[in-house]
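Please explain how the aromatic rings and the strands of this chain are arranged. A walk through selected contacts is wanted.

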Amino acid sequence: SSAEIVSGGYGSSNAAFVIGPGSVLCTEGDLTVGYYGSYNQLVLSNGAASFTTNLTLGLDSASSNNLCLVDGGVLRVTNAARLAILDVRRGTIQFGNGGVIEADGMLLTNTLGTFQFNGGSLDVRASTVLNAQPFVVGDGVSAATLSLIGNGTHSFANGLTLRGNSWLTGNGSI
């Protein structure tokens, strides 16, 4: 079934904390953080994991300032057909501390959506980034890897920047 990190679809300032090894949030359908509401968040840290077929951050135009924090945790947005989408519309993916994000597809197509990639490993099969910002890998200190998997197509309309201690690996077209 699908899940929403909100209350009744319109809720604001709600949070789901998944913290520690063995802690898992698993949905068979879509996961939405901020359907209509704003300031909703999903936090995955210290070895916790979330598995979902699609994740949307800030679905509706009324939704804003939502957060998905992956800090030493694992976020997997994938399905058997390899068509699952991590869609960052209105909010921020904040990623660091050696975590892992795996997505079949990643969309950042709204100027209100951002991806702060400080460290960890982002494994993505296809990506479209046209949120009027360059896609920046790493903070210059923490190890960060953008891994293009599965020979997909990756578009970075405002550029792709690799900071110190960062790597671009894998196969695909940029």
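Which residues form one aromatic cluster? In this predicted model, the cluster is made up of Phe95, Phe115, Phe117, Phe135 and Phe156.

The aromatic pairs number seven when ring centres within 6.5 Å are counted. One of them joins phenylalanine 95 to phenylalanine 117, with 5.2 Å from centre to centre and 35° between the planes, a tilted arrangement. Phenylalanine 95 belongs to strand S11 (residues 91–96) and phenylalanine 117 to strand S13 (residues 113–117), so this contact links distant parts of the chain, 22 residues apart. Phenylalanine 95 and phenylalanine 117 are both buried.

A further tilted pair consists of phenylalanine 115 and phenylalanine 135, whose centres are 5.3 Å apart and whose planes meet at 55°. Because phenylalanine 115 sits in strand S13 and phenylalanine 135 in strand S15 (residues 135–137), the pair ties together parts that are 20 residues apart in sequence. Phenylalanine 115 has a relative accessibility of 9% and therefore counts as buried. Phenylalanine 135, at 2% relative accessibility, also counts as buried.

The strand pairing can be followed elsewhere in the chain. Strand S4 (residues 30–33) runs parallel to strand S7 (residues 54–57), and four bridges join them. Across this pairing, leucine 31 stands opposite leucine 55 in S7. S7 also pairs with strand S10 (residues 85–88), again in the parallel sense, over three bridges. Here leucine 55 stands opposite leucine 86 in S10. Leucine 55 thus faces leucine 31 as well as leucine 86.

Conventions. Residues are numbered from 1 along each chain as its sequence is written. This is a predicted model: local features need pLDDT of at least 70, side-chain atom pairs count only at pLDDT 80 or more; totals for chains, interfaces and linings use all residues. Side-chain values use heavy atoms; hydrogens and water are left out. Rings of Phe, Tyr and Trp (its six-membered ring) pair if their centres lie within 6.5 Å; planes under 30 degrees apart count as stacked, over 60 as edge-to-face and the rest as tilted. Helices (H or I, at least four residues) and strands (E, at least two) are DSSP runs, numbered from the N terminus. Buried means under 20% relative accessible area, exposed over 50%, partly exposed in between (1.4 Å probe, protein chains only). Two strands pair if DSSP finds at least two bridges between them.
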